[in-house]
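The following questions and answers walk through a single protein chain, from its helices to its sheet and cores.

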Amino acid sequence: MVVRPPLRVASHLAPGVLPLYTFLADYLAASIGRRAEFTVATSYERCAQDVDDLCFVCSVPYLLFAELGRIHMEVVAAPVLIGARYAGRPIYFSDVVVRSGSPYQRFADLRGAVWAYNEPFSHSGYIVVWHHLLSLDEGAGYFSRMVEAGFHSEALRMVADGTVDAAAIDSQVLAIELRDHPDLAKRLRIIGAIGPSTIQPLVASTARLSAVERRTILAALLAVGDDPRARPVLDAALVERFVAVDGESYDDVRLMLGRVHEAGLVGAQWRARWAAVSSPTSTVI
C-alpha cells in the first residue's frame, strides 16, 4: 500500500482567520485523497524554501517571490467577502481606525499623528498606506512616527489604549475583531477607508503539486461556498465564496508597490530586511 504524503498547508495571514484556514487545509487535502499538515508560519523562510504545497499569503510577499523567480508557485484562488462594499469581487479595504474619543475625523486630520502598522511587508497595513500618501502628494514626513505592531490585532489595541493615534487595518480582520471583542469595538472608530485592493491569494506549489491536483483543489475551493458543512466556518470568517484568480489579478498591488518603490518610500533598508526574513537559511521540518 502506498502512503501518500500529507498536504502541507501554511498560513502567513492574520490569526483571527485561522479557523477558516485550518478547515480549508483539511477540506482541500481530502479533495485529493490526502491528510493535511497545517502550519502557522512565523517567517517567510517557509516560502523561500518552497516546502509547502499551499500557502495563504499576503499579496506583497507573493509578488516579491514571483519577481525573484526563486520558487515555483501559482495563484489559485481568493475569497469574496460578505458585504455590499465588496460587490461580489475578491477585494478588501484598509479601514483607518482611531480611538473613539480622539479628535480625528478623517485621514487628512492625521498629519503629525503616531501611526501603527502590522509589518512592513503587509499590503493592507503598510504599502497601501504609502501609496495613499503619494496620491495625496504627501511623503515620509506625514506622520510624526510609525510604530511596528507585529499584527493587525496588536495595532488595534495600541490605537484603543492610546499608545498610537491611528492604523490601517485589513477590513476582514477588523470586522472579525470588532465582532468578537465588543469592548474593543467601543474604544475604536473608523474614519475612512483606503482601497479597494485585490484580496490575499491562496498560492499552490507547481513543483510539489501536479496540474491535476491543482485543478482539483481549485474545483474544491470554487464549490466550498455551497457545501453545508463549510458554510458556518465561511460565515464566521465573513467569506461568501472563493473565486479563481491568477498572477495578473494582482496588477493593482504590483502597481502600488512599484510606485512606492519609485518614490523612495521603501528603499534599501526595506529590501535588506526582506532579504533577511525571506532567506532560505533555516531547516524547516
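Q: Which glycine follows H1, and what is the sign of its phi?
A: The model is predicted. In it, H1 is followed by a residue whose phi is near 75 degrees, so by the sign of that angle phi is positive. The residue is glycine 33.

Q: What span does H1 reach from its first C-alpha to its last?
A: H1 has 14 residues, and at 1.5 Å a residue a span of 20 Å is expected. The computed reach is close to that expectation, at 20 Å.

Q: Which residues of H1 are buried?
A: Buried means under 20% relative accessible area. In H1 the residues that meet this cut-off are Leu18, Leu20, Tyr21, Leu24, Ala25, Tyr27, Leu28 and Ala29.

Q: Across which strands does H1 lie, and at about what angle does H1 run to E2?
A: H1 lies across strand E1 (7-11), E2, E3, E10 and E11. Its direction relative to E2 is given by an angle of about 155 degrees.

Q: What is the order of strands in the open sheet of 6 strands?
A: The pairing in this open sheet is mixed. Its edge strands are strand E2 (36-40) and E11, each of which pairs on one side only. From one strand to the next the twist averages 20 degrees. The order is E2-E1-E3-E10-E4-E11.

Q: In which sense do E4 and E10 pair, parallel or antiparallel?
A: Strands of a sheet pair through backbone hydrogen bonds, in either of two senses. Methionine 73 stands opposite serine 205 in E10. Over 4 bridges, the sense of the E4 and E10 pair is antiparallel.

Q: Why do the buried residues of H8 line one face of the helix, and within what arc do they fall?
A: Helix H8 (residues 211-223) has 13 residues and reaches 18 Å, close to the 18 Å expected. Its buried residues are Glu213, Arg214, Ile217, Ala220 and Leu221. Seen down the axis of H8, these residues line one face because they fall within an arc of 125 degrees.

Q: Which exposed residues does the face of H8 turned away from its buried side carry?
A: The buried residues of H8 are covered by elements including helix H1 (18-31), strand E3 (54-56), strand E4 (73-81), strand E10 (202-205) and strand E11 (239-244). The face turned away from that buried side carries the exposed residues Val212 and Arg215.

Q: What arc do the buried residues of H10 cover around the axis?
A: Helix H10 (residues 251-262) has 12 residues and reaches 16 Å from first C-alpha to last. Its buried residues are Val253, Met256, Leu257 and Val260. They sit on the same side of H10, because the arc they cover is only 100 degrees.

Q: Which helices and strand are included in what covers the buried residues of H10?
A: Just after H10, glycine 264 takes a positive phi of about 75 degrees. The cover over the buried residues of H10 includes helix H3 (59-68), helix H4 (123-135), strand E9 (188-198) and helix H11 (268-277).

Q: Which residues have the most contacts inside the largest nonpolar core?
A: This core has 85 residues. Its largest share, 8 residues, comes from H1. Apart from it lies another core, of 16 residues, among them Ala116, Leu156, Leu174 and Leu184. Inside the largest core, the residues with the most contacts are Leu110 and Trp115.

Q: How many Å apart in space are tyrosine 92 and aspartate 170, C-alpha to C-alpha?
A: Tyrosine 92 is in strand E5 (residues 91-99) and is in contact with residues including Asp170, Ser171 and Ile199. In sequence, tyrosine 92 and aspartate 170 are 78 residues apart. In space, C-alpha to C-alpha, their separation is 7.1 Å.

Q: Is tyrosine 117 buried or exposed?
A: Tyrosine 117 lies in strand E6 (residues 114-117). Its contacts include Gly125, Tyr126 and Met146. Its relative accessible area is 10%, and the cut-off is under 20%, so tyrosine 117 is buried.

Q: What is the relative accessible area of glutamine 172?
A: Glutamine 172 lies in helix H6 (residues 171-180). Beyond its neighbours within four places in sequence, glutamine 172 is in contact with Val17, Leu81, Tyr86, Ile199, Ala237, Leu238 and Val239. Glutamine 172 is buried, with a relative accessible area of 5%.

Technical notes:
Residues numbered from 1 in each chain as written. Predicted model: local features only at pLDDT ≥ 70, side-chain atom pairs only at ≥ 80, totals over all residues. Heavy atoms only, no water. Helix = DSSP H or I, 4+ residues; strand = E, 2+ residues; numbered from the N terminus. Buried < 20%, exposed > 50% of the residue type's maximum accessible area, 1.4 Å probe, protein only. Contact = heavy atoms within 4.5 Å. Expected span 1.5 Å × (residues − 1). Arc of directions from axis to C-beta. Core = buried A, V, L, I, M, F, W, Y, C linked by side-chain atoms within 4.5 Å. Pairing = 2+ DSSP bridges. Axes fitted to C-alpha atoms, helices over the stretch in contact; angles between N-to-C directions.
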